[in-house]
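Me: I should like to learn how to read the features of a structure such as this one. Please take me through them in turn, giving the general idea before the case.

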Amino acid sequence: MVDIDPTELEIAELGPKIKDVDDADELREMLELEEGGEDRVPVKTLIEDRIEKLEAEDEEADASSADLDDMTVADIANLVRDVEDVSVLEDMLEREQAGQDRKTAKSQIEDRIQSIEGDDDGESADLEYVPPEEKHPDLDHPTADKQWVEGLEGGDYRDMWVYCETQHGELIDVSREMLGKARELVDQYNEDYDEAEKLVAVLIGDNVSDLTDEVAAYGADQILYHEDERLERFNHKSYTEVFVDMARAGGQMAPDGKEDVDWKAYDEPRYTVFPATNNGRDLSALVQGELDSGLASDCSGLYIENAMISNPAKTGVPGDSKEFERILHMKRPDFSGFEYSTILCIDKPFRDFHPQGASVIPGSFEIPEADEEREAEVVEHDMDLTDKWLEVEVTDYDVLDDGVDLTGHEVVVAMGRGIGRSPTEGIEIGLDLVEAFDDAAFGLSRGVITSSYSFEGHVEQYIGEDRQIGESGQVVEPDVYIAAGISGAIQHKVGMDESDTIIAINTDTDADIRDFSDYYIQGDLFEVLPKLTQAVEEGTLATAIAEASDD
């Protein structure tokens, strides 16, 4: 017996539920129920598409027979990763040379062969440490005080640090989101590895001590804050120096006078998490650079697991695999397509890459419920700021309005460059559709924001960056997302692909957004949107969408 009977649901209700069904056999039973009931074509298409997607995910390419010409270099890299038979890899290399003969594809196969066979003698050579100043004697680097990056080896790393950004004396939402997610990660980490590590929150600015109770309520175990009226506004150099001073206190590379502090007894944080805001992106890169580590920027997912790595640059031994423990897996959108890459910050011989650092796209995680009874250790950080760090003085600035919050609405209507032939009219008919719903918001793709379109009359007030949806804008998860004239670039996709039901209207049959829409209406938005507006007002939207998408 299936959990979901499609004959009992409207199409709009069924769409979100179908996404959660991962059993192809259960879907086939649902298909039979629909065929024996109303036999609605859009419903059957929805179920069949889900079956096809699941079966495609289950199919694994066979390295010995895969058609390499139909595969991207990334596909080949993923395929060879688990191949242990050198003869199979050599055959793949010959087939690639006889086909597209791509240098990068051949390199992936050859590297895998080398990792299995090791060196020419079949034995691994002992690694020898060469100091960077000897290894690169002629290196000319513009930063005199950091000509070589040596970093720590075998350092003591603990805790997850979260930089909590503030604006106008208040935490911004993404800070709360990160604290909630970090609390989950630290709790799971301590359970998995039988540890008692902490979630450490970092506050930098003016009067930030006023926020310590709130930060504790959202999950922090320890709160480090540095307060200075000169830091009311974000300052790249000062904020970086303060964070790094905190991070290295009590460790091997502690600043003078901070070698022994009573609130920290390890070299550097194990993990650092920053918001992927304008200021957060800058600070995360600067801090991680100063700490001689790496950064996965603009992430939308985080989890901690062990990782089995065979790359000889990391293991130090060609052909060997090594399990690295406690690795922060940082998921971020892949600009090469509609996929996600998982970034790992892995140590290598004679070089530790800690902290493992990530910046998080706002809206990626839920804001947790605050526990007002929760308490945390609060530490006031003491450090003299150098006047040279504060040479830039802001003499005047404007405070923007609060902007528009597109999150939390049942429906979001978003307009893209498809409005190009009549921009003002396009915005107007989009707003008409928003008004027809009880709870809807109006958004835009980056293409509209950066265009040179001329808008007239009252619609000008709806054209602003605060309505942008996507990687560099807001992330929304409404019940229904209507994308009109939006092609579906990956930057836009990451801002809305968690919506329950996605309805796309586009004249292009090959638009990328078609691949991840629940309903795709091929048509001119200037003709389709007024019909949808009328259907909403008449209470027949589900039927109208089904008929339009079926056509």
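Reply: Helices (H or I, at least four residues) and strands (E, at least two) are DSSP runs, numbered from the N terminus. The chain holds 17 helices and 17 strands. This is a predicted model, in which local features need pLDDT of at least 70 and side-chain atom pairs count only at pLDDT 80 or more, while totals for chains, interfaces and linings use all residues. Residues are numbered from 1 along each chain as its sequence is written, and side-chain values use heavy atoms, with hydrogens and water left out.

Me: What percentage of the residues in the chain is buried?

Reply: Buried means under 20% relative accessible area, exposed over 50%, and partly exposed in between (1.4 Å probe, protein chains only). Of the 551 residues in the chain, 48% are buried.

Me: How should one read a single helix, for instance α13?

Reply: One may begin with length: the expected span of a helix is 1.5 Å times one less than its number of residues. Helix α13 (residues 423–436) has 14 residues and reaches 20 Å from its first C-alpha to its last, close to the 20 Å expected. Ten of these 14 residues are buried, so α13 is largely enclosed by the rest of the structure. Among them are P423, G426, I429 and L433.

Me: Against which elements do the buried residues of α13 pack?

Reply: Packing is judged by contact, meaning heavy atoms within 4.5 Å. The partners of the buried α13 residues are β13 (411–415), β14 (440–444), β15 (480–484) and α16 (525–538).

Me: Where does the largest nonpolar core lie?

Reply: In soluble globular proteins, nonpolar side chains tend to be buried together. A nonpolar core is a set of buried Ala, Val, Leu, Ile, Met, Phe, Trp, Tyr and Cys residues joined through side-chain atoms within 4.5 Å. The largest here has 46 residues, and M415, I482, I505, L525 and L529 have the most contacts inside it. Domain 1 (6–124) and domain 3 (411–550), with bounds from an automatic or database domain assignment, both contribute residues, so this core lies between them. Leaving aside neighbours within four places in sequence, L525 is in contact with residues including M415, I429 and I505. A second, separate core of 37 residues includes M178, L179, L211 and L302.

Me: How many disulfides are there?

Reply: A disulfide is a covalent bond between the sulfur atoms of two cysteines. The rule applied is a pair of cysteine sulfur atoms within 2.5 Å, and the count comes to zero. As to individual cysteines, C164 is buried at 1% relative accessible area, and C299 is buried at 0%.

Me: What does R326 touch beyond its sequence neighbours?

Reply: R326 lies in strand β9 (residues 322–334) and counts as buried at 16% relative accessibility. Not counting residues up to four places away in sequence, R326 touches ten residues' worth of partners listed as Y189, Y193, E195, E197, R270, Y271, I304, E305, N306 and Q356. The C-alpha atoms of R326 and D192 are separated by 9.5 Å, although these residues are 134 apart along the chain.

Me: Which backbone features deserve attention in the loops?

Reply: One is the peptide bond between H354 and P355, which is cis, with omega about 0°; P355 is found in the loop between β10 (339–343) and β11 (356–360). Another is positive phi outside glycine: H168 has phi near 55°, and N207 has phi of about 60°. H168 is exposed at 68% relative accessibility, whereas N207 is partly exposed at 45%.
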